[in-house]
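Please open the model in a viewer and keep the sequence panel visible. The tour below proceeds from the whole chain to individual selections.

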Amino acid sequence: MAAVDSFQFLYREISRSCSVYFETLALVGALYTASRAVILLRDCCTLIRVHFLPRMIPSKKLTQRFGDWAVIYGASEPVAQAYAEELARHGISIIFVTQDHTSVRDIAASLSQSYGVETVVVLADFSLDQAASKPIKEAMRGKDIGFLVNCVGVSLAYPQSLIEMPEQGLLDLVNKNVAVATLMTRLVLPGMVERSRGAVINISLGACCRPMPGRVTLTAFTGYLDNFSRALHLEYSSKGIFVQSLIPFQIASSGRQPSSRDGWFVPRPEVYSRHAISTLGISNRTTGYWPHTLQYGLMRCIPEWMWVFGSRVLISSS
């Protein structure tokens, strides 16, 4: 009994001396839990404000808010085609800037016939440096350009190491996804600043958020476009220009042909564009589609080393 009494006495003394530390740790834990709860509540409110309220509350027509014409660069990509169609649905005429006339000629004719808007296809050879900007300036002259849409090429999504890429192919990708997107913005901005309204939408990919083995160029190009958009918004938002960085995750390759991969987290391009355009003027950096925002929130919770390890496993198994 003496041993037991001595142990109980020792335990009471230790508990009494450590009670301050226990209370401190409990307070720290409570504060951390409360902070995480506040962050979760904030994210939920942001999700509702960006993705749900704009679709429920009527707002001004896009032509009144931004302008009557849109310039689309990268229309060979399904998501850019769908975004152009959504703009045309709102009565906005389209100028397609492309290096391949045949890839968008049928799209332009279809939009004109379906929605009664004007469409112009500008063939620009950006390998000619500044000479490529002349036909674009001619096409924009006298028009109320309210939108510019730049879209990064999704062909970069296929795993390929840097040394496997041909040198000329790498230069072409840099020119297409970095230099030309920046040049297009430079060409459109002066008119928007003069009218004190306009929207620049840069569509990249969620790959810009985390490094991905086998997709070095994809991460770099999308990261550039994302940071370019955010910096541009800070610089020109005071002049009435809204610059948006769209960072979607996986989108189905074609909206015209149903695929077994289509689903809640892999929307068809027209479904994504309908959601994304409702966030225009609301959020300057968003996935554009609320299930993708949930994916982005989950991705932020995963440590980078675990993300990279999972990426390598997926690449090796594919």
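Among contacts in the protein between residues at least 6 apart in sequence, what percentage join residues at least 24 apart? The share is 75%, where contact means heavy atoms within 4.5 Å.

This is a predicted model, in which local features need pLDDT of at least 70 and side-chain atom pairs count only at pLDDT 80 or more, while totals for chains, interfaces and linings use all residues. Residues are numbered from 1 along each chain as its sequence is written, and side-chain values use heavy atoms, with hydrogens and water left out.

**The whole chain**

Display the protein as a cartoon: ten helices and seven strands are present. Helices (H or I, at least four residues) and strands (E, at least two) are DSSP runs, numbered from the N terminus. Of the 318 residues, 41% are buried. Buried means under 20% relative accessible area, exposed over 50% and partly exposed in between, with a 1.4 Å probe and protein chains only.

**Helices H6 and H7**

Select residues 167-195, helix H6, together with residues 216-236, helix H7. Their axes come within 11 Å and cross at roughly 15°; axes are lines fitted to C-alpha atoms, for helices over the stretch in contact, and angles run from 0 to 180 degrees between N-to-C directions. H6 is therefore roughly parallel to H7, a term for angles under 35 degrees. The crossing of H6 past H7 is right-handed, that is, the near helix is turned clockwise from the far one by less than a right angle.

Now show side chains at this contact. On H6, the participants include Leu170, Leu173, Val174, Asn177 and Val178; on H7, they include Phe221, Tyr224, Leu225 and Phe228. By class, the contact of H6 with H7 comprises 13 nonpolar, four polar and no charged residues. Here Ala, Val, Leu, Ile, Met, Phe, Trp, Tyr, Cys and Pro count as nonpolar, Asp, Glu, Lys and Arg as charged, and the others, Gly among them, as polar.

**Helices H5 and H6**

Keep H6 and add helix H5, residues 133-140. This pair packs at an angle of about 35°, with axes 11 Å apart, and H5 passes H6 in a right-handed crossing. Ser133, Ile136, Lys137 and Met140 of H5 meet Met184, Leu187 and Val188 of H6. The contact of H5 with H6 divides into five nonpolar residues, one polar and one charged.

**Val104**

Move to helix H4, residues 101-115, and select Val104. Is Val104 buried or exposed? Val104 is buried, at 1% relative accessibility. Leaving aside residues up to four places away in sequence, Val104 touches Ala75, Ser76, Phe96, Thr98 and Val121. The C-alpha atoms of Val104 and Val121 are 7.5 Å apart, with these positions 17 residues apart along the chain.

**Helix H1: Leu40 and the cysteines**

Next, select Leu40 in helix H1, residues 2-56. Leu40 is exposed, at 54% relative accessibility. A distance drawn from its C-alpha atom to that of Gly297, 257 residues apart along the chain, reads 9.9 Å.

Finally, select Cys44 and Cys45. Why does the structure hold zero disulfides? For Cys44, the closest cysteine sulfur, in Cys45, is 7.0 Å away, too far for a bond; a disulfide is a pair of cysteine sulfur atoms within 2.5 Å. Cys44 is partly exposed at 36% relative accessibility, and Cys45 is partly exposed with a relative accessible area of 46%.

Conventions:
Parallel < 35°, antiparallel > 145°, perpendicular 65-115°, else oblique.
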